[in-house]
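Got the viewer open? Here is a guided tour, one selection at a time.

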Amino acid sequence: MRAKEFVKENSLSLFFLVIFLLALIGQAIAGHNLYNEEALAHKEETISFWRYLTSSDFGNAVMENWQSEYLQFALFAFATVWLLQKGSPESKELDQAGTESDEEQKVGRHAEEDSPFWARVGGVRTAIYSNSLMIAMALIFLGSWFAQSVTGWTDFNQEQHDHGEPRLSWWSYVGSSQFWEATLQNWQSEFLAVGSFAVLVVYLRQRGSPESKPVGAPIHDATGQEG
Amino acid sequence: MPMVAMRRQTGRFSSSPSHRFPAMRAMAFVWGVILVGGITYFSIIGLTHH
């Protein structure tokens, strides 16, 4: 396949891959500078950029944002199976709440010739494949939330040590206000963004975007229609 | 159509939709490595008290 074709067919994921990497590098540089500024202010030793990349301080900052993004996607994918928003292209049509019939979902004996094997085969494999997006998002959420907890725990205990205070066990740390403040500050912003987006797209449009209804679509109709 | 058969028929890799799947799988692989690698990397850093 020609490179030009590859770029065209994958432009959305390539664009986000590039800006993700740029943002992550930017975060690492700014985080390293901030870490060393604070170290100097407290008359402590500064650290190299490499040491910062392998620090819990950096890991915690990255992971607490990852977990909330994947919680948002997982919840959105799960909630939109049953919950509806009239007039929103993000919602299914009002009479389609639920997991829908095998025929509508093209599984088992209703599968088509080019349906994925796990959609055709039936049984446990089709059940797993039917929920595979949700399962993957939930695992990424739980994994990054765990990584947030252990990096935050190490970071927290380092500070406790520096101030001559006792270290906490991991269990105590995940029950602490510090952990939950860091977690919930991310969750609330994700829930705000998703909830408001589901309503804003009822009234507002972005011509050509599948996230929006067609520009001329009626306000309260066209539920589940993409532009 | 298998890759070898396609090569025989056209003399080079066809750009038919079925042959775009490896490229799409490569994209999925890159994102998978970032996610699984990132989570594993930072979990180890936290657990080893870095």
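## A walk through chains A and B

Start by selecting A:Gln225, which is partly exposed because 15 other C-beta atoms lie within 10 Å. Keep in mind as you click around that this is a predicted model. A:Gln225 sits in the segment after H10 of chain A. Beyond its neighbours within four places in sequence, A:Gln225 is in contact with A:Pro89, A:Lys213, A:Pro214 and A:Ala217, so show those four residues too. Now draw a distance to A:Val202: that residue is 23 places away in sequence, and the C-alpha atoms are 11 Å apart.

Next, go back into helix H10 of chain A, residues 177–203, and pick A:Ala193. Is A:Ala193 buried or exposed? It is exposed, because the count of other C-beta atoms within 10 Å is 11, and the cut-off for exposed is 12 or fewer. From A:Ala193, measure across to A:Leu139: 54 residues separate them in sequence, and 22 Å separate their C-alpha atoms.

**Zoom out to chain A**

Colour chain A by secondary structure. You should find ten helices and zero strands, so the run of elements from the N terminus reads α-α-α-α-α-α-α-α-α-α. Along its principal axes, the C-alpha trace spans about 65 × 45 × 40 Å. The radius of gyration of chain A is 23 Å, against near 17 Å for a compact globule of 227 residues. Colour by burial and 20% of those 227 residues come up as buried. Switch to contacts, and take those between residues at least 6 apart in sequence: 51% of them join residues at least 24 apart.

Now colour by domain. Domain 1 of chain A covers 1–54, while domain 2 takes in 60–95 + 134–227. Put a marker at each C-alpha centre and the two markers lie 22 Å apart.

**Helix H2 of chain A and the loop after it**

Select A:Gln27, which lies in helix H2 of chain A. A:Gln27 is partly exposed because its neighbour count is 14 other C-beta atoms within 10 Å. Measure from here to A:Ala61 and you get 8.9 Å, C-alpha to C-alpha, for a pair 34 residues apart in sequence.

Follow the chain out of H2 (11–41) and stop at A:Lys43, in the loop that leads to helix H3 (49–53). Check the backbone here: phi of A:Lys43 is near 55 degrees, a positive value in a residue other than glycine. Most residues other than glycine have a negative phi. A:Lys43 counts as exposed because it has 6 C-beta neighbours inside 10 Å.

There is another lysine to visit with a positive phi. Jump to A:Lys106, in the loop between helix H5 (102–105) and helix H6 (117–120) of chain A. Phi of A:Lys106 is also near 55 degrees. How exposed is A:Lys106? It is partly exposed, because 13 other C-beta atoms lie within 10 Å.

**Helix H8 of chain A**

Select H8(A). It has 31 residues and reaches 45 Å from its first C-alpha to its last, close to the 45 Å expected at 1.5 Å a residue. Step past its end to A:Gly164, where phi is positive, near 70 degrees.

Then go to A:Phe141 and show its contacts. Setting aside neighbours within four places in sequence, A:Phe141 is in contact with A:Gln67, A:Tyr70, A:Leu71 and A:Ala74.

**The largest nonpolar core**

Which residues touch the most other members of the largest nonpolar core? Of its 18 residues, they are A:Val62, A:Tyr70, A:Phe141 and B:Phe42. Helix H4 (56–82) and helix H8 (132–162) of chain A, along with helix H2 (21–47) of chain B, each supply at least two residues of this core. H4(A) gives the largest share, eight residues. In soluble globular proteins, nonpolar side chains tend to be buried together.

**Last stop: chain B**

Select the contact between the chains: it takes 16 residues from chain B and 22 residues from chain A. Colour the chain B side by residue class and you will see nine nonpolar, six polar and one charged. To finish, show chain B by itself: two helices and zero strands, with buried residues making up 10% of its 50 residues.

Notes:
Residues are numbered from 1 along each chain as its sequence is written. Chains are lettered from A and ligands numbered from 1 in the order in which they are written. This is a predicted model: local features need pLDDT of at least 70, side-chain atom pairs count only at pLDDT 80 or more; totals for chains, interfaces and linings use all residues. Domain bounds come from an automatic or database domain assignment. Helices (H or I, at least four residues) and strands (E, at least two) are DSSP runs, numbered from the N terminus. The radius of gyration is taken over C-alpha atoms; the globule rule is 2.2 Å times the number of residues to the power 0.38. Two residues are in contact if their C-beta atoms, placed from the backbone, lie within 7 Å. Ala, Val, Leu, Ile, Met, Phe, Trp, Tyr, Cys and Pro count as nonpolar, Asp, Glu, Lys and Arg as charged, and the others, Gly among them, as polar. A nonpolar core is a set of buried Ala, Val, Leu, Ile, Met, Phe, Trp, Tyr and Cys residues joined through C-beta atoms within 7 Å. The expected span of a helix is 1.5 Å times one less than its number of residues.
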